[in-house]
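Q: I have not met this structure before, and I would like one careful, connected look at how a part of it is put together. Could you begin with the loops and then go on to the helices and the space among them?

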Amino acid sequence: MSVSAATTRAPATAAPTSPPEHRSVKTGSVAWMALPALLFFAFFGGVPLVGVLVLSFTQWDGIGAISWLGVGNWTSVLADPVMWKALGLTFGIMIFSWLVQTPLALLLGVFTAGTQKYRAFLAVLYFLPLLMSAAAISIAYKALLDPNFGLAASLGIPWLVQNWLGSPTLVLFVVIFVLSWMYVPFHSLIYQGGVRQIPTTMYEAASIDGAGTVRQFFSITLPQLKYTVITSSTLMVVGSMTAFDLIFVLTGGGPGDATRVLALDMYLRGFRANQMGPASVIAVLIVLIGLGLAQLLQRLGGKDKTSSQMEGM
């Protein structure tokens, strides 16, 4: 190529860039679009949270006058072994629920992301628990696990005839099982969507290189679902911190305090013992622990989590 040709070549067209005033207008438009959501959150999320924080420093039975107590509620709750046992049970259910739900939801999500017709039928069956309320599921399991007329007694299976909900040891595993049965379909749906976002060309290239199904799962599917795992785990952790309705109907916190998790402890203090101050302390603790765990999981996702993996986004 001659120098003259090089010098007479038309300059490369620069990539179109938006003028600064256009970018500022676009940013301002996006900010205004977020304003209704921010106002909604401030009214329904921020105001109640501030109210609960204020109540945690007061003495109130839920009906009479409110009197300022200072840090008395905090010192009494933090010194109460019942609260620490409830916190330990909450973390135990959280950890075991994650260990059970994540592998099952991941495998079901990968399985139902296929294209075979029978998989669509099975996916409908898997997602049936999503259509049922926690109260209905709890009542159904109470009947099924009853040692006198439950499923095991009706089928005549002696080793399954146990006082599942009356044993302090067995009842915790029952709660974890029912929670997993209820929420695995929801997380499978999240993983199913994540798997379908993976480009098929990656699997085609791996097949050409001789990679089998298992190798493709560990080398392509699992790494590509990194952020999906973080999102699903965050929902599991926050959901475990606030688990209340299913445990309340299924066990009522019993036998004894065997399933008195933190959210149930808050309810029992506030609406059974009429101690709104200590109950508010528990509520604030749940918020703080939940936010801390959610932030920790987001950190594990890496700094590039907020950037899109899709081209052009």
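**Loops, pocket and helix contacts**

A: Asn274 lies in the loop between helix 13 and helix 14, the latter covering residues 276-300. In this predicted model, phi of Asn274 is near 55 degrees, which is a positive value in a residue other than glycine. Another loop, the one between helix 12 (245-250) and helix 13 (262-272), holds Pro255, and the peptide bond that joins Gly254 to Pro255 is cis, with omega at about -5 degrees.

From these loops we can turn to the largest pocket, in which about 490 Å³ of space lies. Its lining is made up of 18 residues, and those nearest the centre of the pocket are Val110, Gly114, Arg119, Val195 and Tyr203. Helix 4 (81-112), helix 8, helix 9 (200-208) and helix 10 (213-224) each contribute at least two residues to this lining. Sorted by character, the lining residues are seven nonpolar, eight polar and three charged.

Two of the residues named at the pocket centre, Val110 and Arg119, also appear where helix 4 meets helix 5. Helix 4 and helix 5 (residues 117-126) pack at an angle of about 145 degrees, and their axes are 9 Å apart. On the helix 4 side the contact is made by Leu108, Val110, Phe111 and Thr112, while helix 5 brings Tyr118, Arg119, Leu122, Ala123 and Tyr126. Of the residues in this contact, seven are nonpolar, one is polar and one is charged.

Tyr203, likewise listed among the residues nearest the pocket centre, leads on to helix 9 and its partner, helix 10. The axes of these two helices come within 11 Å and cross at roughly 160 degrees, and helix 9 and helix 10 are therefore roughly antiparallel to each other. Their crossing is right-handed. Met202, Tyr203, Ala206 and Ser207 of helix 9 make the contact with Gln216, Ile220, Thr221 and Gln224 of helix 10, a set that divides into four nonpolar and four polar residues, with no charged ones.

Helix 8, which also supplies residues to the pocket lining, takes part in a further contact, this time with helix 6. The axes of helix 6 (residues 134-144) and helix 8 (residues 170-196) come within 11 Å and cross at roughly 135 degrees, which means that helix 6 is oblique to helix 8. Helix 6 passes helix 8 in a right-handed crossing. Ala134, Ile137 and Tyr141 represent helix 6 in this contact, and Phe177, Val178, Trp181 and Met182 represent helix 8. The seven residues of the contact are nonpolar, with no polar and no charged ones.

Definitions and conventions:
Residues numbered from 1 in each chain as written. Predicted model: local features only at pLDDT ≥ 70, side-chain atom pairs only at ≥ 80, totals over all residues. Heavy atoms only, no water. Axes fitted to C-alpha atoms, helices over the stretch in contact; angles between N-to-C directions. Helix = DSSP H or I, 4+ residues; strand = E, 2+ residues; numbered from the N terminus. Parallel < 35°, antiparallel > 145°, perpendicular 65-115°, else oblique. Left-handed = near helix turned anticlockwise from the far one by under 90°. Contact = heavy atoms within 4.5 Å. Nonpolar A, V, L, I, M, F, W, Y, C, P; charged D, E, K, R; others polar. 1 Å grid on protein atoms, 1.4 Å probe; cavity = no way out; pocket = protein on both sides within 12 Å on 5 of 7 lines; lining within 4 Å. Points joined across faces, edges and corners; volume = space filled by probe spheres on them.
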